[in-house]
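Work through the following exercises with the sequence and the model at hand. Each task is followed by a solution that goes step by step.

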Amino acid sequence: MHRKKNWLTSAFFISSLNCNSSVLAQNVTRVVIEDKAALYTSDDLLAMQGQTAFDIIEQVAGFQFIDSNNQRGLSNASGNVLINGLPVLNKSQSLETVLSDLPISQIAEMEVYLAGHPFSSTSQYTQVVNIIRDNSKNRANWQVSAKSHKDFNQANAASLQVSTQWLNWDHQLKLSTDKNVAYSVTDYTESNSQNISYLNGQDQYQESIENISTGITSSKVMTDSVLQINALLLKEHYQEDYKRDWQNNNDESGNEAIKDKSQLDEYELGFDWQQQAIAGEPSWLWQLTGLLRLRDSDQVAFTTEQSDSKLTLTQFKQTQSNTEQVLKLASQQPALWWQPELGIEVSHNRLEADTLEAHTAESKITTTSVSETRAEPFIASKIKLNPQWQLYSKLTGEYAKLSSKSNTQYETQSRYLKPLIKLSHQAQNGLQSTFTLQRKVDQLDFSDFLDSQDNDFDREQSGNTELKPQQSIELSYELNYEAEDLWTLNTRAFWQKQRDIHEFIRFDNGDWGVGNAGHAYYYGLDLNISIQTNWLLEDSLINAFYEYRDADYDDPLTGDRAISWLEPHSAEIEFRKDGDWYAWGVLASLPNTETGFYPEEIYRQKDRATYGFYAEFDLDNDMQINIELEDAFGGEYLYDRHIYYPDRTGKLDYRYYALEHNEPSLTISLSGEF
């Protein structure tokens with residue numbers, strides 16, 4: 001079954017890539033350090049509610065947090081929050097996760113740039129936050145938590161973060177482990193084209209994720225430069241268990257059991273060296289960044305299906321080995337009026353995979369290899385047209401050589417030009433506007449080159465080794481407004497023309513998988529508003545988020561429709577109350593619907609409204625306690641499959657309908673410093 005995103009336990013507020021929550025920082029004095037920048041001191045941060053850097057960033061009025069992503073390369077992977085002026089070189093974990101692990105006590109200052117900033121590593125962003133760590137003394141922060149969810153009642157997470165200085169280096173060491181378990185029960189039925197039910201069943205599902213990570217980040221400030229080195233080791237164990245029982249109208253019964261185990265080992269090593277500007281000495285500033293990432297995974301899934309007449313055994317086994325190597329060299333001259341920046345990024349990525357698909361009577365082994373080499377030279381400029389208007393432009397060239405081999409061998413070379421123009425305006429009344437025009441070339445997901453198995457609905461997807469990247473031209477407008485610390489508005493509207501879009505298609509050999517399926521028009525709106533509600537309850541606020549998406553795609557099978565996995569509407573609302581030593585809040589996620597189009601199937605999943613609650617309290621001896629209740633009234637998810645014959649151009653063959661239930665979960669965590 002579809003598993004709900006755990007948005008409550010990962011953060012107290014709502015965050016997304018394009019529009020993220022920004023709530024009002026109350027009773028905080030912001031010191032202006034230069035035009036369009038504000039400084040939050042350590043005392044300011046301690047006066048705000050929250051325990052981590054991410055908690056504080058979400059309380060900065062008018063700032064839209066943009067998380068990092070797992071894309072290959074460096075230029076487009078980092079978010080818009082820096083630490084000591086440097087991007088976080090940690091692609092195995094999101095920027096939100098890193099900031100959620102950074103205690104407020106380890107922050108000396110926080111610089112907020114709402115329009116214009118001096119950091120070349122995030123020049124593609126209008127807004128940036130720079131966190132300056134406090135390395136004046138050694139300290140250690142710890143956290144432990146326990147979770148209760150159905151039959152799982154035990155400690156589920158522990159972490160230790162140590163900050164120390166040694167040999168003129170600042171070292172940050174992080175150790176963490178966590179385990180999360182999810183349970184659900186699903187009742188399902190199958191009916192024919194006349195909507196007459198002929199089979200009923202129940203699915204009991206259990207999911208378990210265990211993580212262990214060890215990381216260290218070391219930095220050294222030299223006379224005119226800064227060097228940062230980071231290393232990370234991550235181990236993850238993931239397991240799914242399905243137990244299904246069914247009975248048809250002829251009193252014939254059967255059952256199915258699936259046990260799917262995955263093991264992931266990931267290693268990461270990176271460095272970032274940046275020259276720093278020296279007062280009175282205008283010159284070109286250089287930056288050199290490198291990253292090595294190794295990722296090995298093993299998946300084994302066993303399926304046993306027993307009916308009155310036969311026993312069927314199925315095994316799916318896949319091993320993957322991923323290697324990413326990237327080097328980026330850049331230089332900028334901030335003293336010139338047009339602030340030029342130029343550089344080049346070179347990367348090599350490789351995937352080796354072996355896939356075994358074994359059924360009772362036959363088996364198949366597939367070996368797949370994918371190799372990609374990319375070079376991306378770029379030149380950019382940032383021009384301050386007047387005190388209110390700023391123009392940022394960038395031209396990136398991309399040369400990519402891709403070779404893949406599975407049942408057949410395929411090799412291609414691609415060349416792209418990716419222009420970006422961003423015009424920003426900062427009004428005196430707090431209104432910020434940004435107009436953006438850009439061409440995007442999405443990265444290929446190497447997993448689409450491989451065969452895969454869907455345990456939820458017994459789908460078997462074939463890999464496509466001749467997949468081309470999806471391209472788009474995007475026009476967008478962003479507006480941010482702050483009304484005298486009473487309310488803030490963040491909104492973004494965009495329109496895209498997409499080429500070579502990725503949809504599920506039928507291949508010439510009869511199999512199906514992800515392929516290039518023509519062009520589409522994709523558009524949407526993000527709206528986030530935060531309102532102080534002191535008239536209702538002192539030091540309280542309401543934060544509301546709404547997202548609208550739509551698309552026009554000319555499907556070769558059925559004509560005009562939306563693209564797959566589009567959610568037309570989604571909304572989340574939060575009410576929060578802050579006190580001197582406590583804070584609490586209520587969150588609601590409203591229903592949404594997602595639709596996927598397969599060659600023979602239209603699949604819809606609907607999430608019903610869910611509610612959550614959290615509270616945090618400051619205790620003596622620099623300790624805090626957090627309480628989080630997720631799915632307070634339980635969660636329900638609907639799955640509706642319409643299967644057609646021979647494909648979606650034909651008549652309805654049968655329908656599958658399922659209703660999944662899960663129970664509330666309670667997490668209590670305790671944190672402190674020594």
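Two strands are said to pair if DSSP finds at least two bridges between them; strands (E, at least two residues) and helices (H or I, at least four) are themselves DSSP runs, numbered from the N terminus. The model is a predicted one, in which local features need pLDDT of at least 70 and side-chain atom pairs count only at pLDDT 80 or more, while totals for chains, interfaces and linings use all residues. Residues are numbered from 1 along each chain as its sequence is written, and side-chain values use heavy atoms, with hydrogens and water left out.

**Exercise 1. Strand pairing**

Determine in which sense β21 pairs with β22, and over how many bridges.

Solution. Begin with β21 and strand β22 (residues 487–499), which pair in the antiparallel sense over 13 bridges; within this pairing, serine 472 has glutamine 498 of β22 as its bridge partner. Next, look at the hairpin that these two strands form, where three residues lie between the strands and glutamate 484 takes a positive phi near 50°. Finally, turn to strand β18 (residues 431–441), which runs antiparallel to β21 (residues 471–483) and is joined to it by 11 bridges, with isoleucine 473 in β21 as the bridge partner of arginine 439.

**Exercise 2. Two residues and their exposure**

Decide whether serine 665 is buried or exposed, and do the same for alanine 47.

Solution. The classes are set by relative accessible area: buried means under 20%, exposed over 50%, and partly exposed in between (1.4 Å probe, protein chains only). Serine 665, which lies in strand β36 (residues 665–673), counts as buried because its relative accessibility is 6%. If contact is taken as heavy atoms within 4.5 Å, and residues up to four places away in sequence are not counted, serine 665 touches Lys147, Ser148, His149, Glu628, Leu629 and Glu630. Alanine 47, by contrast, has its place in helix α2 (residues 42–47) and counts as exposed because its relative accessibility is 53%. Alanine 47 and tryptophan 581 are 534 residues apart in sequence, yet 9.6 Å apart in space, C-alpha to C-alpha.
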